[in-house]
Amino acid sequence: MKYLIVGLGNIGDEYAGTRHNIGFMVLDAMVQASNSFFTDRRYGFISQIRYKGRELILLKPSTFMNLSGNAVRYWLNREKIEPGNLLVIVDDIALPLGSIRMRSKGSDGGHNGLAHITSVLGTNEYARIRVGIGNGFRKGSQVNYVLGTWSPEELEFLKKRLDIVIEMIRSFAAVGTELTMTAFNKTGKIRGKDTDQDKTAEQIRD
């Protein structure tokens, strides 16, 4: 069985370490933990990892965020993988910093990368893991926020959450979306105030 695991982000030094690149960050951590590496291939950087007899093809698209669907479609077709075996990792400003949520399908939620993938594939029925990056920005400054870099405190906090995402990816390949959601969505949730902003994240930004 083959699975395509896609971490969304933007290539280039100017985007390295930005909030919008959390998908890259997750896959980098997973590859490092697996003693593997990425190679520069068509439409993206590829790493192949085996887990419990499954082949996980990890993809960091080199198409930039707004054209992510081109890379996803190419590698699905090349490896003959159905959308049911596709998992996409994205950032989400609607979730508190470090909160993790998996869904089996759904809208793009205003995320340009997901929107392009859905448009190119012609379906929104593919799994995705949303990693919260918080919403600590003033009205009208969303772009600057998501393309901004993490503070050292935020980065240290997030690194502790990445292990959960990596375990969710492995679980997705081993037992599927529904069982993974049941096992991990409660663990990945960070409870905040009525504003849905996590107390830890608020303390970090103060």
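This is a short walk through a predicted model, from its confidence to its cores and helices.

Start with confidence. The chain has a mean pLDDT of 90, and 92% of its residues reach 70 or more. One stretch falls low: over residues 193-206, pLDDT stays under 50. For that stretch the model has 30 contacts beyond four places in sequence.

Now the interior. Nonpolar side chains tend to be buried together in soluble globular proteins. Here the largest nonpolar core has 36 residues. Ile5, Ile129 and Ile169 have the most contacts inside it. Helix 5, residues 152-175, gives the most to this core, with ten residues. A second, separate core has 18 residues, including Val6, Ile46, Met65 and Tyr126.

Take Ile129 up close. Beyond its neighbours within four places in sequence, its contacts include Leu87, Val88, Ile89 and Val90. Ile100, Arg101 and Met102 also touch Ile129, as do Val165, Met168 and Ile169.

Turn to helix 1, residues 22-33. Its twelve residues should span 16 Å, because each adds 1.5 Å along the helix; the end C-alpha atoms lie 17 Å apart, which agrees. Its buried residues are Ile22, Gly23, Phe24, Met25, Val26, Leu27, Met30 and Val31. Among the elements covering them are strand 1 (2-7), strand 3 (44-51), strand 4 (54-61) and helix 5. Strand 5 (86-92) and strand 7 (127-132) also take part in that cover. Just after helix 1, Asn35 takes a positive phi of about 55 degrees.

Finish at helix 3, residues 112-121, which holds Ala115. Ala115 has a relative accessible area of 27%, so this residue counts as partly exposed, between the 20% and 50% cut-offs. Ala115 and Tyr74 are 41 residues apart in sequence. In space, their C-alpha atoms are 17 Å apart.

Key. Residues numbered from 1 in each chain as written. Predicted model: local features only at pLDDT ≥ 70, side-chain atom pairs only at ≥ 80, totals over all residues. Heavy atoms only, no water. Core = buried A, V, L, I, M, F, W, Y, C linked by side-chain atoms within 4.5 Å. Buried < 20%, exposed > 50% of the residue type's maximum accessible area, 1.4 Å probe, protein only. Helix = DSSP H or I, 4+ residues; strand = E, 2+ residues; numbered from the N terminus. Contact = heavy atoms within 4.5 Å. pLDDT = per-residue confidence, 0-100. Expected span 1.5 Å × (residues − 1).
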